[in-house]
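Visitor: I would like a close look at a single part of this protein. Please take one strand and go through its surroundings.

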Amino acid sequence: MLFNFSSKPARRPTIGLILTGGGARAAYQAGVLAGIARLLPPSAPSPFRVICGTSAGALNASIIAQDAGHFALGVKRAVNAWATLHNSSVHRSDLGSVARHVARWAWTAVAGDKHGRPVSLLDNSPLRELVPRLVDFSCVRAAIRSNHLDALSVTASSYRTGQSVSFFEGNERLQPWASPRRRGERATLGPEHVLGSMAIPFMYPPERIGDDHFGDGAIQQLSPISPAIHLGAEKVLVIGVGRCSSAGAILDTRAAYPSIGEISGHLFDSIFADTLESDLERIRLVNEMLALIPHKVRERAGLQQREVETWVVNPRQSLEELAAIRVHRLPPALRLLLSAVGAMRDGRANVLSYVLTEEWYCKSLIRRGFRDAMAQRADIADFLEIPLNPLRTAVRQRAVISKSNEAVKLPVPAMAVAATGASYAALPLQA
């Protein structure tokens, strides 16, 4: 796989950010971003000139892109969004709504729907109201005009063509691209692009964009890093939410046939993680091939290709186990639905770890993301080519998020501590 770069490299390499899909697991990305913000001066602009998001990662990408001129502020918004999230913020979780949608889905699967109405297991109308409140896309355009950002890309899957479509908004130098299975399309981004990218099949209804309907961007996205490279990135930082190596152990399923929920969890892992690993392997092979060709030979042959450096941050601990700990706090209707499909059998909670959009779970993911980023802070700072300030990167042991009369401990940096709503409270902490 070769990538063409038509423009001359800048004095500093153009660094891209890839935020993968993963449903509720994307809260982990906010924690990693909080760790990266900790490496920078408080008012520094974003170190990422190209920001690409897929599925729930598209929401995170859009949130931080609107504040590309003030990276810490954008990260603060992302942390606040996830730290105050509830299932009711994403979809209707009352028993009546869930029962109606499940019954309608089952009936349509058997009898069909002559009217062509959208069918899904859950009603995501709360999410439709939430996205415009979290992202002002006019601010994204302002960041591009002010040269703090080269491009923002949101990837969704077309149900009409089967292509992976990366909708992007960026500077005038960037051009669309196309291949048999994917394409890049210039667009004026809006909430509908994020909603389309987050539309998990069967769970949420497809989103209409133009004359087409779109679903979750992780579907058919065989090269998740490709959009960033097409948009000019020379180095790419990837924040994934896939299983850690220790969590991929083979489970003993001899006692029972895999349930629908377990099979769905396996598919989620394949959609959100396996394509990323394959793409990273392809890039590694291309880099090795290019390294064998002397630069003078490339110049004489007129080759425009160059190596692409990547760095990946993934969870070091199982997110599935974290989701299973307090599953009893799920709304009864969702707990009943997940139990019915076997998603919580024998304590397994893989599907649950993707759909559990509850405040306590998301805060735990933020905590883990921040810790993982700080554990790699020297390597990340080296990759981003920023000086490592020991005073800024000292990990604080306590941070307090205030909600009513409740104090919740989160080891996130003071600038990223969020309270419910628009108010933020950070207490002086001791190192």
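Guide: Ile239 of strand S9 has Val313 as its bridge partner in S10. This is a predicted model, in which local features need pLDDT of at least 70 and side-chain atom pairs count only at pLDDT 80 or more, while totals for chains, interfaces and linings use all residues. Residues are numbered from 1 along each chain as its sequence is written, and side-chain values use heavy atoms, with hydrogens and water left out.

Strands (E, at least two residues) and helices (H or I, at least four) are DSSP runs, numbered from the N terminus. S9 covers residues 235-239 and S10 covers 309-313. The two strands pair in the parallel sense over 5 bridges; pairing requires that DSSP finds at least two bridges between two strands. S9 also runs parallel to S1, and 5 bridges join them. There, Ile18 has Val238 of S9 as its bridge partner.

Now the side chains of the strand. Of the 5 residues in S9, 5 are buried, where buried means under 20% relative accessible area, exposed over 50% and partly exposed in between (1.4 Å probe, protein chains only). Lys235, Leu237 and Ile239 point one way from S9, and Val236 and Val238 point the other way.

Just before the strand comes a loop. Glu234 lies in this loop, between helix H9 (226-230) and S9. Because its relative accessibility is 10%, Glu234 counts as buried. A polar atom of the Glu234 side chain lies 2.7 Å from the backbone nitrogen of Thr14.

A helix also packs against the strand. In H16 (residues 377-384), the residues Ile380, Ala381, Phe383 and Leu384 are buried. They are on the same side of H16 because they cover an arc of only 160° around the axis, the arc being that of the directions from the helix axis to the C-beta atoms. An α-helix has 3.6 residues a turn, so residues three or four places apart point the same way. The buried residues of H16 pack against S9, and also against strands S1 (15-19) and S10 and helices H1 (27-38) and H15 (359-375); contact here means heavy atoms within 4.5 Å. After H16 comes Glu385, with a positive phi near 60°.

H15 has a further neighbour. Val79, Trp82 and Ala83 of H3 meet Glu359, Cys362, Lys363 and Ile366 of H15.

Technical notes:
A polar contact is a pair of N or O atoms within 3.5 Å; within protein, one must be able to donate a hydrogen and the other to accept it, and residues adjacent in sequence count only if both atoms are side-chain atoms.
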